[in-house]
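Grab a viewer and work through these exercises at your own pace. Try each task before you read its solution.

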Amino acid sequence: MAKRGDDGIKLLTTSSMLQMAGRAGRRGMDEKGDVIVLATPYETVHDAKKIITSPCEDISSQFTPSYGLVVNLAKRGDLKEAKRLIKSSFAEDPQEKWDDFLALMEVLIKFECLRESDGTVLPIGNAVAALGVNNPLLVISILNDDAIKTSLENIQDTATFAAFISVIAGESRGNNNNGRVEVSNSQLLDPIKNSIAIAKKLIDAQLTEGGNTLMQSNPVSLEFSTIELIQSWCSGTSFDDLTAEHGIATNLGLSAGDTVRVLNRSIDACRQISELELPNFKKIAKLARFATRAMDRQPVKDDLNIIM
């Protein structure tokens, strides 16, 4: 009756409980479905009664335009149709969402993902649409930077490459380090320095075109706290050692479940990057494939077949 969220473990909401209970029985075949709620030492029958009998929370639309959505609609070449689709959403303020859409278009044009004259999607734009991370424009802009690309291609250590990917596309833990960045791996210094510059450029573009609203829906962040964790896991350190009393994950305040989630996020990012189609990107894609193979092992191994 409880689940872990961004702000810790909390009881399920009434809406969440009813949604789960609604799956009991087979639609079109059963007239009713039985739901069994188990009490635990942490959640009692009184908690269950409170959840079930409380009124449902108000439902509000979470729809917000993203870079991927803008690129995919731009491929259709019809802004009128894109506007119709955005304004037909369940958003409380459709006009605001359309304004966000246009702001994202302007940012994509600045970063050479769309052609300014006619909105044609360029190769970098296709890569942005193909990448499922928090801010794909940030990641693609970093990986497509010539200086960063050269630095990464010279990295011989797969674990170092995986650690860099965790910085730009891993799970953000909300640690700003008070503006200070400490990186012990010398191979990461230059690419991280250049990545910070690109992140600042993107922040400026988003603030200019869409203000704080665009920043909230498309956060720009780099995560440095998990560098050692990802590097150690990719190098072969066991999960038990990472999560031991004085292990790297434990020192970061991560539970075993949190650790699995963080590792999986980096594995998924490397897998997606290995499949990107960008000019002069073969070496980076190859490093990403090697990193995926090295990290995709028990107990975080993804059962999904990987074609390498």
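**Exercise 1.** Which side chain meets E209 in a salt bridge, and what is the N to O distance? Keep in mind that you're looking at a predicted model.

*Solution.*
- Step 1: Look around the side chain of E209 and you'll find K110, with N to O at 2.9 Å. The cut-off for a salt bridge is 4 Å, so this pair qualifies.
- Step 2: Now place the two partners. E209 sits in helix 10 (residues 189-217) and K110 in helix 5 (residues 94-110), so the bridge ties together distant parts of the chain, 99 residues apart.
- Step 3: Check the accessibility. E209 comes out at 28%, which makes it partly exposed. K110 is partly exposed too, at 42%.

**Exercise 2.** Work out where R265 and E171 lie in the chain, and say how buried or exposed each one is.

*Solution.*
- Step 1: The side chains of R265 and E171 form a salt bridge, at 3.9 Å from N to O.
- Step 2: R265 belongs to helix 14, while E171 is in the loop between helix 9 (158-169) and helix 10; the two are 94 residues apart, so here again distant parts of the chain are linked.
- Step 3: R265 has 32% relative accessibility and therefore counts as partly exposed. E171, at 11%, is buried, because the limit for buried is under 20%.

**Exercise 3.** Take D268 and R271 next: how far along the helix are they from each other? Then find the network that salt bridges with shared partners build.

*Solution.*
- Step 1: D268 makes a salt bridge with R271, and their closest N and O atoms are 3.9 Å apart.
- Step 2: Both are in helix 14, three residues apart, so about one helical turn separates them.
- Step 3: On accessibility, D268 is partly exposed at 30%, whereas R271 is buried at 10%.
- Step 4: As for the network, shared partners connect E171, D258, R261 and R265.
- Step 5: Want to check your own tally? The count of salt bridges comes to eight.

**Exercise 4.** How do helix 11 and helix 14 cross, and which residues meet there?

*Solution.*
- Step 1: Fit the axes of helix 11 (residues 227-235) and helix 14 (residues 256-274): they come within 11 Å and cross at roughly 75 degrees.
- Step 2: Angles of 65 to 115 degrees count as roughly perpendicular, so that's the label for helix 11 and helix 14.
- Step 3: List the contacts. Helix 11 brings L229, I230 and W233, and helix 14 brings T259, V262, L263 and S266.

**Exercise 5.** Is Q206 buried or exposed, and what does it touch?

*Solution.*
- Step 1: Q206 is a helix 10 residue.
- Step 2: Its relative accessible area is 0%, so Q206 is buried.
- Step 3: Leaving out residues up to four places away in sequence, Q206 touches Y67, V107, N135, G211, L214, M215, N218 and V220.
- Step 4: For a C-alpha distance, try Q206 to P219: they're 13 residues apart along the chain and 9.5 Å apart in space.

**Exercise 6.** Which residues make the nonpolar surface patch of about 220 Å²?

*Solution.*
- Step 1: Pick out V35, V37 and I52, which make up the patch.
- Step 2: Zoom in on V35, found in the loop between helix 1 (14-21) and helix 2 (45-53).
- Step 3: V35 has 45% relative accessibility, so it counts as partly exposed.

Conventions
Residues are numbered from 1 along each chain as its sequence is written. This is a predicted model: local features need pLDDT of at least 70, side-chain atom pairs count only at pLDDT 80 or more; totals for chains, interfaces and linings use all residues. Side-chain values use heavy atoms; hydrogens and water are left out. Patches are made of residues with over 30% relative accessible area and no salt bridge: like charges are joined within 9 Å, nonpolar side chains (Val, Leu, Ile, Met, Phe, Trp, Tyr) within 5 Å. Accessible areas come from the Shrake-Rupley method with a 1.4 Å probe; for residues, only the protein chains shown count as cover. Helices (H or I, at least four residues) and strands (E, at least two) are DSSP runs, numbered from the N terminus. Buried means under 20% relative accessible area, exposed over 50%, partly exposed in between (1.4 Å probe, protein chains only). Axes are lines fitted to C-alpha atoms, for helices over the stretch in contact, and angles run from 0 to 180 degrees between N-to-C directions. Angles under 35 degrees count as roughly parallel, over 145 as roughly antiparallel, 65 to 115 as roughly perpendicular and the rest as oblique. Contact means heavy atoms within 4.5 Å.
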